[in-house]
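Here's a quick walk through one protein model, written for someone who likes to have the coordinates open alongside. Have a look at the structure first, then read on.

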Amino acid sequence: MFLRAIAIAGLACGLAFADEPLVEFNTDFPGGNLLVQANEGKSPVVAPDLRGGRDWFYWYFEAKASKPGRVTFVFPEKVAGFKNGAIGNQGPAVSTDGGKTWAWAGRENVRENAFFHDFSKAGETIRYAVTIPYTESNLSEFLEKQAGNSHLQTGVLTQSNEGRDVELLEIGQRRDGRRPVIVTARHHAVETMASYVLEGFLAE
């Protein structure tokens, strides 16, 4: 009975002192996307949040450390046909200022379908994304810089299925004999890099 009591107490202690998560996840911001499948200890298991859609590979999340240490973010072995968990060839895009500026982490911290980060202190908050995001705030910032440009007009092309305005930007002048050319930058959430190219095109 005594040994059984010790075993039961040990089991209870094991449950009580299970590996505490080292990071707290957040996706409550424009573009945020992640499904946390498990968050125990140093290796949380995550995946793209499909939200009812087909298999896809877009993810963008924020992680806040509870204490210093290495955290390994593990993705499914196969995501939308990618065998590395949809981690890009340059590693994840990383932002340390809440998504204002971005840099590529590189492949040094990538291990097949996972990547790791060494948090230096408690409370350190990092954003990670499969690519450098482009959201409404980026467009607003661009349009503010072009406010004095008489060659650029803004309007609304149509509305999305969810009732959101689809912006229309026009450059040049409408004149007889001139044929308008439609230029689009992206069709899916993950194609954000092309939006920066279109910014440059419009600015030029």
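## A buried histidine

Let's start with His117, which has a relative accessible area of 19% and therefore counts as buried, the cut-off being under 20%. Bear in mind that this is a predicted model. His117 sits in strand 9, which covers residues 114-119.

What does His117 touch, leaving aside residues up to four places away in sequence? The contacts are Gly69, Arg70 and Val71, plus Glu124, Ile126 and Tyr128.

## Strand 1 and its partner

Strand 1 spans residues 23-26, and its side chains take turns. Val23 and Phe25 point to one face and are buried, while Glu24 and Asn26 point to the other face and are not buried. That fits the general pattern: in a regular strand, side chains alternate between the two faces of the sheet.

Which way do strand 1 and strand 4 run relative to each other, parallel or antiparallel? They're antiparallel, with four bridges joining strand 1 to strand 4 (residues 60-65). Within this pairing, Glu24 stands opposite Lys64 of strand 4.

## A salt bridge between buried residues

Searching the whole structure turns up six salt bridges. One of them joins the side chains of Arg127 and Glu62, with an N to O distance of 3.0 Å. This pair links distant parts of the chain: Arg127 belongs to strand 10 (residues 125-129) and Glu62 to strand 4, with their positions 65 residues apart in sequence.

Are these two partners buried or exposed? Arg127 has 13% relative accessibility, so it counts as buried. Glu62 comes in at 15%, so it's classed as buried as well. In general terms, side chains of opposite charge can pair when their charged atoms come close.

## A three-residue charge network

Glu136, Arg164 and Glu167 are linked in a network of salt bridges. Arg164 pairs with Glu136, where the closest N and O atoms are 2.3 Å apart. Arg164 is in the loop between strand 11 (152-159) and strand 12 (165-171), and Glu136 is in helix 2, so their bridge ties together parts that are 28 residues apart in sequence. The side chain of Arg164 also meets that of Glu167 in a salt bridge, at 3.5 Å from N to O.

How do the members of this network score on accessibility? Arg164 has 44% relative accessibility and counts as partly exposed. Glu136 is partly exposed too, at 39%, and Glu167 gets the partly exposed label at 32%.

## The second largest pocket

Helix 2 shows up again here. The second largest pocket has a volume of about 250 Å³. Among the 13 residues lining this pocket, Gly99, Lys100, Thr135, Ser137 and Asn138 are the closest to its centre.

Which element supplies the largest share of the lining of the second largest pocket? That's helix 2 (residues 136-145), which contributes three residues. Sorted by class, the lining has five nonpolar, five polar and three charged residues.

## An exposed loop lysine

For a change of setting, take Lys78, found in the loop between strand 5 (69-74) and strand 6 (93-95). Its relative accessibility is 61%, and because the cut-off for exposed is over 50%, Lys78 counts as exposed. If you'd like a distance to check, Lys78 and Phe57 are 9.5 Å apart from C-alpha to C-alpha, with a separation of 21 residues in sequence.

Methods: Residues are numbered from 1 along each chain as its sequence is written. This is a predicted model: local features need pLDDT of at least 70, side-chain atom pairs count only at pLDDT 80 or more; totals for chains, interfaces and linings use all residues. Side-chain values use heavy atoms; hydrogens and water are left out. On a 1 Å grid over the protein atoms alone, a cavity is a set of points where a 1.4 Å probe fits but cannot get out, and a pocket is an open set with protein on both sides within 12 Å along at least five of seven lines; lining residues have an atom within 4 Å of a point. Grid points are joined across faces, edges and corners, and a volume is the space filled by probe spheres set on the points. Helices (H or I, at least four residues) and strands (E, at least two) are DSSP runs, numbered from the N terminus. Ala, Val, Leu, Ile, Met, Phe, Trp, Tyr, Cys and Pro count as nonpolar, Asp, Glu, Lys and Arg as charged, and the others, Gly among them, as polar. Buried means under 20% relative accessible area, exposed over 50%, partly exposed in between (1.4 Å probe, protein chains only). Two strands pair if DSSP finds at least two bridges between them. Contact means heavy atoms within 4.5 Å. A salt bridge is a side-chain nitrogen of Lys or Arg within 4 Å of a carboxyl oxygen of Asp or Glu.
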